[in-house]
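Take a moment to look over the sequence and the 3D structure. Then follow the text from one part to the next.

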Amino acid sequence: MGWSVYLVRCRDGSLYAGCTTDLDRRIAAHNAGTGAKYTRARRPVTLAYASPCEGRSDALRQEAALKKLPKVRKEALAAGWQKGDTP
């Protein structure tokens, strides 16, 4: 399994960034309330963006970079991404 970074859109419209080796499992965990404290109160979440990474360290770097982006840039990434682009 390869690493990926992702953005999920929460019920309140906010975006949450994370990284994982299994997107489907991670989205299910967010929606079950066991994924992250931030998303627990903002369920359901939907996948808004995902990108493959070269390994764990690359995924962690990209996640940190995503979290630092202003919301406008995150929204632009999500708008340009197609669900079929999922790693």
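Lysine 67 is a good place to begin: it counts as partly exposed, at 43% relative accessibility. The model shown here is predicted. Lysine 67 forms a salt bridge with glutamate 63. Their closest N and O atoms are 3.2 Å apart. Both residues sit in helix α3, which covers residues 56–68. They are four residues apart there, so about one helical turn separates them. Is glutamate 63 buried or exposed? Glutamate 63 is buried, with a relative accessible area of 14%.

Now take the salt bridges as a group. How many does the whole structure hold? A search finds four. One of them joins the side chains of arginine 9 and glutamate 75, at 2.8 Å from N to O. Arginine 9 lies in strand β1, while glutamate 75 lies in helix α4 (residues 71–80), so this pair ties together parts that are 66 residues apart in sequence. Arginine 9 is partly exposed, with a relative accessible area of 26%. Glutamate 75 is also partly exposed, and its relative accessible area is 26%.

Glutamate 75 has another partner. It forms a salt bridge with lysine 71, and the closest N and O atoms are 3.7 Å apart. These two residues are four residues apart in helix α4, so they are separated by about one helical turn. Lysine 71 is partly exposed, with a relative accessible area of 46%. Together, Arg9, Lys71 and Glu75 are linked in a network of salt bridges.

Strand β1 leads us to the sheet. Strands of a sheet pair through backbone hydrogen bonds, either parallel or antiparallel. Which sense is found here? Three strands form an open sheet in the order β2-β1-β3, and the pairing is antiparallel. The edge strands are β2 (15–20) and β3, and each pairs on one side only. From one strand to the next, the twist averages 20 degrees.

Look at the β1 and β3 pair in detail. Strand β1 spans residues 4–9 and pairs with β3 over six bridges. Valine 5 has serine 51 in β3 as its bridge partner. Leucine 7 stands opposite tyrosine 49 in β3. Strand β3 covers residues 46–52, and five of its seven residues are buried, so the rest of the structure largely encloses it.

Next come two arginines in helices. Arginine 26 is in helix α1, which runs over residues 23–32. Arginine 26 is buried, yet it has no salt bridge. The nearest side chain of opposite charge is glutamate 63, 7.2 Å away. A salt bridge needs the two atoms within 4 Å. Leaving out residues up to four places away in sequence, arginine 26 touches Tyr6, Tyr16, Thr20 and Gly35. Arginine 40 is in helix α2 (residues 37–40). Arginine 40 counts as partly exposed, at 43% relative accessibility. Its C-alpha is 26 Å from that of glycine 2, and the two are 38 residues apart in sequence.

Finish with the cysteines. How many disulfides does the structure hold? It holds zero. Cysteine 10 is in no disulfide, and the nearest cysteine sulfur, that of cysteine 19, is 16 Å away. Why does cysteine 19 not bond to cysteine 53? The closest cysteine sulfur to that of cysteine 19 is in cysteine 53, and at 7.3 Å it is too far for a bond. Cysteine 10 is buried, with a relative accessible area of 4%. Cysteine 19 counts as buried too, at 17% relative accessibility.

Key: Residues are numbered from 1 along each chain as its sequence is written. This is a predicted model: local features need pLDDT of at least 70, side-chain atom pairs count only at pLDDT 80 or more; totals for chains, interfaces and linings use all residues. Side-chain values use heavy atoms; hydrogens and water are left out. A disulfide is a pair of cysteine sulfur atoms within 2.5 Å. Buried means under 20% relative accessible area, exposed over 50%, partly exposed in between (1.4 Å probe, protein chains only). Lys and Arg count as positive and Asp and Glu as negative; His and the chain ends are not counted. Contact means heavy atoms within 4.5 Å. Two strands pair if DSSP finds at least two bridges between them. Axes are lines fitted to C-alpha atoms, for helices over the stretch in contact, and angles run from 0 to 180 degrees between N-to-C directions.
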